[in-house]
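Trainee: Hi! Could you walk me through this one?
Mentor: Happy to. Let's open it up and start with the charged pairs.

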Amino acid sequence: MKSFTGRVTAPRRRQIERSLERAARHAPLEWRLVVPIDPTPAEERWFNTLGGKYQFECSWYGRTWLDNNLARHADIYRYYTQGAHGEAIELLRELSRESAAMARGVPDAVDRMKALSNRLNHLDPHYSFGISIDKEGTAAVTVWPKYVGAERDQPLKIDGLFQFPNNIEGRASAKAFQEALDYGAPAVVHAENIKHLAFSLPAGLGDTFNSGEIHLGPPVGLDLPEYRLQLRVIDENGRTKAQLPLHGKTTNIGKRGADATFTDVTGSVQGRIRADAKDLTLKTKFRFELPEDTLPGTILPALHFIEQCKPPNSMVLLIEDREAAPPIKIESPAYKDVGQLLTLVRALDEVQRATGVFFPLPVELTDDEVLDIQLAQKLLTGEVVSDTWSSMTLNSTAGALPSLKASVNRGPNQIMVEAELSLNIAGQTIPLGQTRRVLPNAIVAEWPEIDEAADPDTPVEIEFRPGIDNSATIVLLNDDKPRKR
């Protein structure tokens, strides 16, 4: 962790490059650079070039991101910038003094708040008022319209004069402020950008300020809508290639449009939608991440959807089963090489369903485990699997050895072996059942030496190796009919 508070100079860039190089050794899904500045065009070009060297996503989180998140978490901002920890002690002292002045304790405090609220409610014909004090001791006045349309008859007005400098931070702050007005996104307007601020509120609650800081964000207590979404991928002929059901929820609303978040049932696909009522457009961004402790069959719908997010396909957003906007052309694959992962996860799911042995998708698999999954899938679907072999040991007896020699000495022989087969994948034993392995061209590597006086039941081992053909086949014998995928 570094502490950079100024521009990302050449020495700092080298430190960042080294840090990223070290982080890449751990194969991260994403790497974030968090600094209290927004990038200049030159810094942005440098960072994009740097991130392009790696397969995982690299993101720059600057001052705008920090300000917006502090707006979402005002308790953190207040604690570290305004000394709220010290204020808590003072509030305890004030509470002690206030309690001493009330003979009946809490009932007295409740009666006093009720009386004040009733007085406020008699001051304005358009709005009702509620008074509350939170656990931090902050008093709040909540305003509700007394009837439908009161906010149109007597609007609540805020007049302000804001000035943003024509530099990187100023332009970023101005953009964030505009997005707060347009879409209700969280933002902070710092004191140096506020020249004048006036609130026109009922019951004399308004006032004029020449300093301070404004935290803008979604309205508190407003029940924002939730809805069913689908992301559909279609081909050039309009045929559906994949469709993923999602749960969506509006997060903030402004004068121009709204933002919403969405996720699938596994949490592996998450994203945001911005609806612009002025331009009549929808912008969608999403990301995919394999969740932990998830069964292969559970993640398959999301993987299939991601695999189809590639040219020349297009994407369609559906809200409550209705197309919300025209199809959007997919310019590049959402994730590279996801097809191989999909094939492997699908094979493991089929093996688990056929054998009844279920376990979460492993974080890592060896090359041998991948080959075993592919073998198990083929065998369980009734396929005769071709293989190769290099040696095999056959157990026999001394008494059976002469007839076996007579048969084998006539030339290369076909050997058929039946045995139970189990595979070990990610520490899980998966029994496949009885298999038959056929070796069409086998010869004896070396006959064992047996004493003529040896008991006929004496066990012996005979080692075979391939002749001119080292091929083999294996098939599952468990069922009369092959298991279907």
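Mentor: Keep in mind that this is a predicted model. Let's begin with R287, which is partly exposed, with a relative accessible area of 28%.

Trainee: Okay, which residue does R287 meet in a salt bridge?
Mentor: That would be E289: the two side chains meet at 3.4 Å, N to O.

Trainee: And is E289 buried or exposed, or in between?
Mentor: E289 is partly exposed, because its relative accessible area is 36%, and the partly exposed class runs from 20% to 50%.

Trainee: Which residues are linked in a network with those two?
Mentor: E30 and R32 are. Together with R287 and E289 they form a network of salt bridges.

Trainee: How many salt bridges are there in the model?
Mentor: The count comes to 20.

Trainee: Can you show me another? What does R7 pair with?
Mentor: R7 forms a salt bridge with E43, and their closest N and O atoms are 2.6 Å apart. This pair links distant parts of the chain: R7 sits in the segment before α1 (10-24), while E43 belongs to helix α2 (residues 41-51), and they are 36 residues apart.

Trainee: Which class of exposure does each partner fall in?
Mentor: R7 is partly exposed at 29% relative accessibility, whereas E43 is buried at 3%.

Trainee: Got it. Where do D67 and R63 lie?
Mentor: Both are in helix α3, 4 residues apart, which is about one turn of the helix. Their side chains also meet in a salt bridge, at 3.4 Å from N to O.

Trainee: Is D67 buried or exposed?
Mentor: D67 is buried, because its relative accessibility is 10% and the buried class covers values under 20%. R63 is partly exposed, at 24%.

Trainee: Switching topic: how many cavities of 30 Å³ or more are there?
Mentor: The count is 1. The largest cavity has a volume of about 30 Å³.

Trainee: What lines the largest cavity?
Mentor: The lining is made up of T64, D67, N68, S173, A176 and V188. You'll recognise D67 there, the salt-bridge partner of R63.

Trainee: Which helix gives the most to that lining?
Mentor: α3 does, with 3 residues. Both α3 (63-72) and α8 (168-183) supply at least two residues each.

Trainee: How do the lining residues divide by type?
Mentor: There are 2 nonpolar, 3 polar and 1 charged.

Trainee: What about the nonpolar side chains in general, where do they tend to go?
Mentor: In soluble globular proteins, nonpolar side chains tend to be buried together. Here, the largest nonpolar core has 46 residues, and F305 and L432 touch the most other members. Helix α10 (residues 338-355) gives the most to this core, with 7 residues.

Trainee: How many residues are in the second core?
Mentor: That separate core has 14 residues, including A23, L33, V35 and C58.

Trainee: Is C58 buried or exposed?
Mentor: C58 is buried, with a relative accessible area of 17%. Another cysteine, C309, is buried too, at 2% relative accessibility.

Trainee: And how many disulfides are there?
Mentor: The count comes to 0 disulfides.

Trainee: Thanks! Which helix should I look at again for both the salt bridge and the cavity?
Mentor: Go back to α3. Helix α3 holds both D67 and R63, and α3 gives the most to the lining of the largest cavity.

How values were computed. Residues are numbered from 1 along each chain as its sequence is written. This is a predicted model: local features need pLDDT of at least 70, side-chain atom pairs count only at pLDDT 80 or more; totals for chains, interfaces and linings use all residues. Side-chain values use heavy atoms; hydrogens and water are left out. On a 1 Å grid over the protein atoms alone, a cavity is a set of points where a 1.4 Å probe fits but cannot get out, and a pocket is an open set with protein on both sides within 12 Å along at least five of seven lines; lining residues have an atom within 4 Å of a point. Grid points are joined across faces, edges and corners, and a volume is the space filled by probe spheres set on the points. Ala, Val, Leu, Ile, Met, Phe, Trp, Tyr, Cys and Pro count as nonpolar, Asp, Glu, Lys and Arg as charged, and the others, Gly among them, as polar. A nonpolar core is a set of buried Ala, Val, Leu, Ile, Met, Phe, Trp, Tyr and Cys residues joined through side-chain atoms within 4.5 Å. Buried means under 20% relative accessible area, exposed over 50%, partly exposed in between (1.4 Å probe, protein chains only). A disulfide is a pair of cysteine sulfur atoms within 2.5 Å. A salt bridge is a side-chain nitrogen of Lys or Arg within 4 Å of a carboxyl oxygen of Asp or Glu.
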